[in-house]
Amino acid sequence: MLVGSYTPWLVVVSLLVAIMASFTALDMANRVTTAPSPRISVLWLLGGGCAMGLGIWSMHFIGMLAFKLPIPLGYDLELTAVSLLAAIASSIFALWLVSRATLPHSRLALGALLMGSGIASMHYLGMAAMLMRPGIEYHPGWFTLSLIIAVAASWVALYVAFRLRHNDTRLQHRVAPAVVLGAAIVGMHYTGMAAARFPADSVCGAAAGTGLQTQWLGALVMVLTIGILAVVLLVSWLDQRQQAQLLRLRNLHLRTSLDDAHAELSQAALHDPLTHLPNRLLLQQRIEQALVDAEQRGGRFAVMFMDLDGFKQVNDAYGHQTGDALLVAVATRTRQLLRAADVMARLGGDEFVLVVGIDNDEDVSSLAGRIIQAVGTGNLVPGHELQVTASIGIAICPDHATTERQLMGYADAAMYQAKEAGRNAFVVFAEWMSDSAEQQFRLLADLRRAIQANQLFLHYQPKVRVSTHQVCGAEALVRWNHPEHGLIPPDRFIRLAERSGVIHEIGRWVLNEACRQLRRWHDAGHDSWSVSVNLSPIQFGSPNLLGEISDALKLHRVEPRRLVLEITESAVMRDTETSLRLLQALARLGVGISIDDFGTGYSSLLYLKRLPATEIKIDHAFVRDLENSSEDVVIVSAIVALGHALDMDIVAEGVETAGQRSYLERLGCDFLQGYLLGRPVDAERFLQLHDLPRPRMVVSQDHKASQGGHFLD
């Protein structure tokens, strides 16, 4: 027997070529399955199969070249070509098999058998290409083992390639499987070589004639194979880079689309679809953020709950499309009055909520007034004469509450108070508004009994005539001394009385009690004094009011001109024609008529000149900053001039400082009221304080100058 030997470095080269071929096979499996089109997939299948087959075949022949016998060796060209075709066919079949959608065990076993047979055929055809005479003998055990190794290596190759075709494309995760597969293929080759037996007198028939010589075949095979595999891997790498770039561009496009979609979804989830204002969810977040900022920075902000008056009638009369246009117009007009940092949200229907920062208390009242004026005037929807107004409730953080839920609830409660007070107005939250329904029910029951139980009484605040500096009368203010709760604030029980209708009974009692007390003062020698009585807007609309006033005057023998009825400007302007008729009837009765809170109700001069009023009462909001505000000086001066031109007296309320008194006297006011001149007291104390003439308070010239008297010079 001829004993063969191996060239070690060629054995190593054959192993490296096998590993490289295995790596190429794994990469080609990924290329075939991830190709963007069927045509490109077929091209990768054919090209990859040829490269993989050439690599396996090259490993085989490099291994053959590493094998040496004591005789010259060569290889038949035709059989060598057939062995190459067997390797390529096996590789193409393997790539096709792993590119299928599924690879069940039965198909995997059959594919491993066919591919292993192809590899074994390639090996033993290559051995036959030596044309040995006598022929090569094979050891049955080693021969069988080589076939088993070929099938097992094919099974592992197919399974690994199928698993890695989508799951992992990273280089480091393919090297280990390629080494295992390459080692298995090389193991099959050298097991097959170990099975070969060469008789001692063997001669290689392909070593002469047209056979391929080993001297140049080895170099040619190595260079060609490594070059082809390198080119295939380079093309694959470039394609992978291109696909990765396309994938990045696609991902970027998808990310942009997702961002746009997310923005649209966020807009839809956090904003009202009609007005595009924040909805309830986003409003809650903004209020909570405002609470955090207020706590950290010590600031204040207001939550304003706004509801449109008469919106249902607009929908009923003109349809929901016009109603929607009205809501958009109200939102637009109101938003223009806010600062950039303020928030306006729509809760649904005709309910809006505003969150505005507060620099001083007047900011909120001024803003609420401007909003009411903006909503109630002008053409909101072109082509439609829509009459709507706004009712606003205001809650302030931290004055009233420090949680989102409480602020919203308190602002809502204040808004309902604005509606019950006659609408088209704003109301700032007060503690009594948070009473539960049960508490208010009990309080109302107590209020109904208060008149009979003598729990109601009157306090009187002096009214001073500027020309004589003497008290000329008083304003009657109702008080309630509850047997359990003590003094109940007027703003709490008056509104409760207005909602329940008890205000009519209380109003009659106040009117009679004021006239009774005035009669007593007249009998005591103060027959020039008059008394002012406030009329509730609800009471002002009563058809029995005229008779009740006439009866009280007759019962207590009071001259009508000594009774002054104070009516708020907003109550007069609610229904101007009806108000005019009633006021004219009262004027014929001879009582005085005072327009209270003048300058806050947006009255029309056209109606004002028709009002049979005897005096105008300047609201304390214009008096409070009179010493420091040239604008308030101008406003008060204009009101005085207007009132005198219409033959009305001017009364200024809320006088608390000597500087304010000095300004008001110089501006021409006829009467003054305020804590500086006297606080509200009971009738007995009032008579004790003002029974005798009091000296006029003298204001020094230095004080006048320091208080800004130059505005009047």
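## Two cis peptide bonds

Pro398 sits in the loop between strand E12 (389-397) and helix H12 (404-420). The peptide bond that leads into this proline, from Cys397 to Pro398, is cis. Its omega is near 5°. The model is a predicted one, and every value here is computed from it.

A cis bond also runs from Arg133 to Pro134, with omega near -5°. Pro134 is again a loop residue. It lies between strand E4 (132-133) and strand E5 (137-138).

## Helices H8 and H12

Helix H12 begins after the Pro398 loop. How do H12 and helix H8 cross? The axes of H8 (residues 280-297) and H12 come within 9 Å, and the crossing angle is roughly 110°. Angles of 65 to 115 degrees count as roughly perpendicular, so H8 is roughly perpendicular to H12. The crossing is right-handed.

Now look at the side of each helix that takes part. H8 brings Leu283, Gln284, Ile287, Glu288 and Leu291. H12 brings Glu404, Leu407 and Met408 to meet them. Sorted by class, the residues of this contact are 5 nonpolar, 1 polar and 2 charged.

## Helices H22 and H23

Here is another helix pair. Helix H22 (residues 630-645) packs against helix H23 (residues 658-667) at an angle of about 40°. Their axes are 10 Å apart. Roughly parallel would need an angle under 35 degrees, so H22 and H23 are oblique to each other. H22 passes H23 in a right-handed crossing.

Which residues of H22 meet H23? They are Val633, Val636, Ser637 and Val640. Their partners in H23 are Tyr663, Leu664 and Leu667. This contact has 6 nonpolar residues, 1 polar residue and no charged residues.

## Val356 in strand E11

Val356 belongs to strand E11 (residues 351-358). Is Val356 buried or exposed? Its relative accessibility is 3%, so Val356 counts as buried; the cut-off for buried is under 20%.

What does Val356 touch, leaving aside neighbours within four places in sequence? Its contacts are Phe301, Ala302, Met304, Leu338, Arg339, Asp342 and Leu367. Ile287, one of the H8 residues that meet H12, can also be placed relative to this valine. Val356 and Ile287 are 69 residues apart in sequence. In space, their C-alpha atoms are 9.9 Å apart.

## Val13 in helix H1

Val13 lies in helix H1 (residues 8-34). Its relative accessibility is 18%. The limit for buried is under 20%, so Val13 counts as buried. Val13 can be located against a partner further along the chain. Val13 and Ile62 are 49 residues apart along the chain, and 7.4 Å separates their C-alpha atoms.

## Glu475 and its surroundings

Glu475 is found in strand E15, which spans 470-482. Its relative accessible area is 7%, so this glutamate is buried. What does its side chain pair with in a polar contact of 2.8 Å? The partner is the side chain of Lys617.

Lys617 is one of several residues that Glu475 touches. The others are His459, Tyr460, Gln461, Ser532, Asn534, Glu566 and Gln673, not counting residues up to four places away in sequence.

## Residues with positive phi

His469 lies in the loop between strand E14 (456-465) and strand E15 (470-482). Its phi is near 60°, a positive value in a residue other than glycine. At 21% relative accessibility, His469 counts as partly exposed.

Arg557 also has a positive phi, near 55°, and is a residue other than glycine. It is found in the loop between helix H17 (545-556) and strand E18 (563-568). With a relative accessible area of 55%, Arg557 is exposed.

A glycine follows helix H14: Gly501, with a positive phi near 90°. Which residues of H14 (residues 490-500) are buried? They are Phe493, Leu496, Ala497 and Glu498.

Technical notes. Residues numbered from 1 in each chain as written. Predicted model: local features only at pLDDT ≥ 70, side-chain atom pairs only at ≥ 80, totals over all residues. Heavy atoms only, no water. Axes fitted to C-alpha atoms, helices over the stretch in contact; angles between N-to-C directions. Helix = DSSP H or I, 4+ residues; strand = E, 2+ residues; numbered from the N terminus. Parallel < 35°, antiparallel > 145°, perpendicular 65-115°, else oblique. Left-handed = near helix turned anticlockwise from the far one by under 90°. Contact = heavy atoms within 4.5 Å. Nonpolar A, V, L, I, M, F, W, Y, C, P; charged D, E, K, R; others polar. Buried < 20%, exposed > 50% of the residue type's maximum accessible area, 1.4 Å probe, protein only. Polar contact = N/O pair within 3.5 Å; in protein donor to acceptor, adjacent residues only side chain to side chain.
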